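I kept a notebook while looking through this structure, and here are my entries. Have the structure open beside you and follow along.

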Amino acid sequence: MGGSSGGSGSGGTTITMASVMKEGTSPVYAGKQFKQRIEEESDGDITVEFSYGGSYGSESETFDLMAQGSVDMYTGGSDAYDIHAPEYYFFNSPFVLESFEQQQRIMETDEFQEEVYPALEEAGIKPVGPRIYRGMRHYTSNEPVRTPDDVQGMDLRLPNHDSWVSAWESVGASPSPVSLDELYSALQQGVVAASEGPPAQIASLSLWEVQDYYSLTSHLPQSGQMYVGTSFYEGLDQSQQDLVDEVVNEVTQEATQWARDSEEELLTEAEENGMEIIEDVDSEAFYEAAAPAIEQLFEDKYAGSWEQWRNV
């Protein structure tokens, strides 16, 4: 159990927490706040060993370790949903939803409470606390991008999600799944010509060193989550569980506020580092170009209908 004493014991409890993300991202901000606060509030009964930056491998590899009990908590993205409740992963797919608030409402529905969270918990991964805003995802490249015409055939780095690949193929780009920790070198070596991600990703990876333009396509309000290993959580006593829940609730809401406040600053930072921000992007044209792929995904894979979820 993460090398911990497993629940409480005379030596207290050690929580092994991981993130694939880097400093300067809101899930890592939440993790650092969690460590500081829970150590204080438990009077040292709970200590947290927090490794971020992917020291346990990719996100899906880290979730595997969590299910096995060698990592107790994770703060990061949403791959667990794609792996264990793929028919509900539409909330984290590009060109489906337009705002973080819309995403939050969907994830608070009865359907998510009854279908999605139990599936994750059964796989050993319990989502805790509200979603964490990570920023709006936009497009980086070495040529300005304003309409779908500008990305035709462009080698675009994407995370390894089929739904993302089919959406961007529908727009006309040529997707290449590359893991986040290899993104910088892939751009530097010309393995891919473009990427997409929130401002925090640009800053944490210094992508301005390898990309000239950041075009505000606004194609995905990105969010993340904190998770605790089901068996680890069940091994805690009630007061420890309550404390974990309470601290997670506080730090995730603060991380969302922090991400909102820093988004504008990060755009300025990218600009100061030589990236040109393209604001006159026809975002609607991108959504329209992706729509056939999204409709198809709801037909083949996703639960419910696109219209139903957009109206929550």
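**Entry 1: strand E4 and its partners**

I began at His138, which stands opposite Gly197 in E7. The model I am reading is a predicted one, so I keep that in mind throughout.

I then looked up the pairing behind that spot. E4 and strand E7 (residues 195–197) run antiparallel and are joined by 3 bridges. On E8, I found Ser215 as the residue that Tyr139 stands opposite. E4 and E8 also run antiparallel, and 12 bridges join them.

Is E4 mostly covered or mostly open? I checked, and it is mostly covered, with 15 of its 17 residues buried.

**Entry 2: Ser223**

Next I stayed with E8, which spans residues 213–229, and picked out Ser223 within this strand. I wanted to know whether Ser223 is buried or exposed. Ser223 counts as buried because its relative accessibility is 0%.

Which side chains make polar contacts with the side chain of Ser223? One is the side chain of Gln103, at 2.3 Å. Another is the side chain of Arg131, at 2.9 Å.

I also listed what Ser223 touches once residues up to four places away in sequence are set aside. The list holds Ser78, Asn92, Phe100, Gln103, Arg131, Ile132, Tyr133 and Arg134. Gln103 and Arg131 are thus on the list of touching residues, as well as being polar partners of the Ser223 side chain.

**Entry 3: Val178**

I moved on to a loop. Val178 sits between strand E6 (174–177) and helix H7 (183–188). Why do I call Val178 buried? Its relative accessible area is 12%, and buried means under 20%, so Val178 qualifies.

Then I asked what Val178 is in contact with, leaving aside neighbours within four places in sequence. The answer is Arg157, Leu158, Pro159, Leu183, Ala186 and Val192.

For a sense of distance, I also looked up Val178 and Thr109. They are 69 residues apart in sequence, and their C-alpha atoms are 33 Å apart in space.

**Entry 4: the largest pocket**

I turned to the open spaces. The largest pocket holds about 570 Å³ of space. Its lining has 27 residues, and those nearest the centre are Glu59, Asp79, Arg157, Pro159 and Leu180. I recognised Arg157 and Pro159 from my Val178 entry, where both are contacts of that residue.

Which elements each supply at least two residues of this lining? They are helix H2 (59–68) and strand E4 (125–141). H2 gives the most, with 3 residues. Sorting the lining by class, I noted 12 polar, 8 nonpolar and 7 charged residues.

**Entry 5: the second largest pocket**

About 260 Å³ of space lies in the second largest pocket. I found 13 residues in its lining, with Met107, Tyr117, Gly129, Pro130 and Gln225 nearest the centre. Helix H4 (100–107), helix H5 (110–122) and E4 are the elements that give two or more residues here. E4 has the largest share, 6 residues. By class, I noted 5 nonpolar, 4 polar and 4 charged residues.

**Entry 6: the cavities**

How many cavities of 30 Å³ or more does a search of the whole structure find? It finds 2.

The largest cavity has about 110 Å³ of space. Its lining is made of Val20, Met21, Lys22, Thr25, Ser26, Arg134, Leu180, Pro198, Ala200, Gln201, Ser204 and Leu205. Helix H8 (residues 199–204) gives the most, with 3 residues. The classes here are 6 nonpolar, 4 polar and 2 charged.

The second largest cavity has about 60 Å³ of space. Among the residues lining it I noted Ser26, Arg134, Ala200, Trp258 and Leu266. Two or more lining residues come from each of E4, H8 and helix H10 (238–272). H10 gives the most, with 5 residues. I counted the classes too: 5 nonpolar, 4 polar and 2 charged.

One last remark: Arg134 kept turning up. It lines the largest cavity, it lines the second largest cavity, and Ser223 touches it.

Key. Residues are numbered from 1 along each chain as its sequence is written. This is a predicted model: local features need pLDDT of at least 70, side-chain atom pairs count only at pLDDT 80 or more; totals for chains, interfaces and linings use all residues. Side-chain values use heavy atoms; hydrogens and water are left out. On a 1 Å grid over the protein atoms alone, a cavity is a set of points where a 1.4 Å probe fits but cannot get out, and a pocket is an open set with protein on both sides within 12 Å along at least five of seven lines; lining residues have an atom within 4 Å of a point. Grid points are joined across faces, edges and corners, and a volume is the space filled by probe spheres set on the points. Helices (H or I, at least four residues) and strands (E, at least two) are DSSP runs, numbered from the N terminus. Ala, Val, Leu, Ile, Met, Phe, Trp, Tyr, Cys and Pro count as nonpolar, Asp, Glu, Lys and Arg as charged, and the others, Gly among them, as polar. Buried means under 20% relative accessible area, exposed over 50%, partly exposed in between (1.4 Å probe, protein chains only). Contact means heavy atoms within 4.5 Å. A polar contact is a pair of N or O atoms within 3.5 Å; within protein, one must be able to donate a hydrogen and the other to accept it, and residues adjacent in sequence count only if both atoms are side-chain atoms. Two strands pair if DSSP finds at least two bridges between them.
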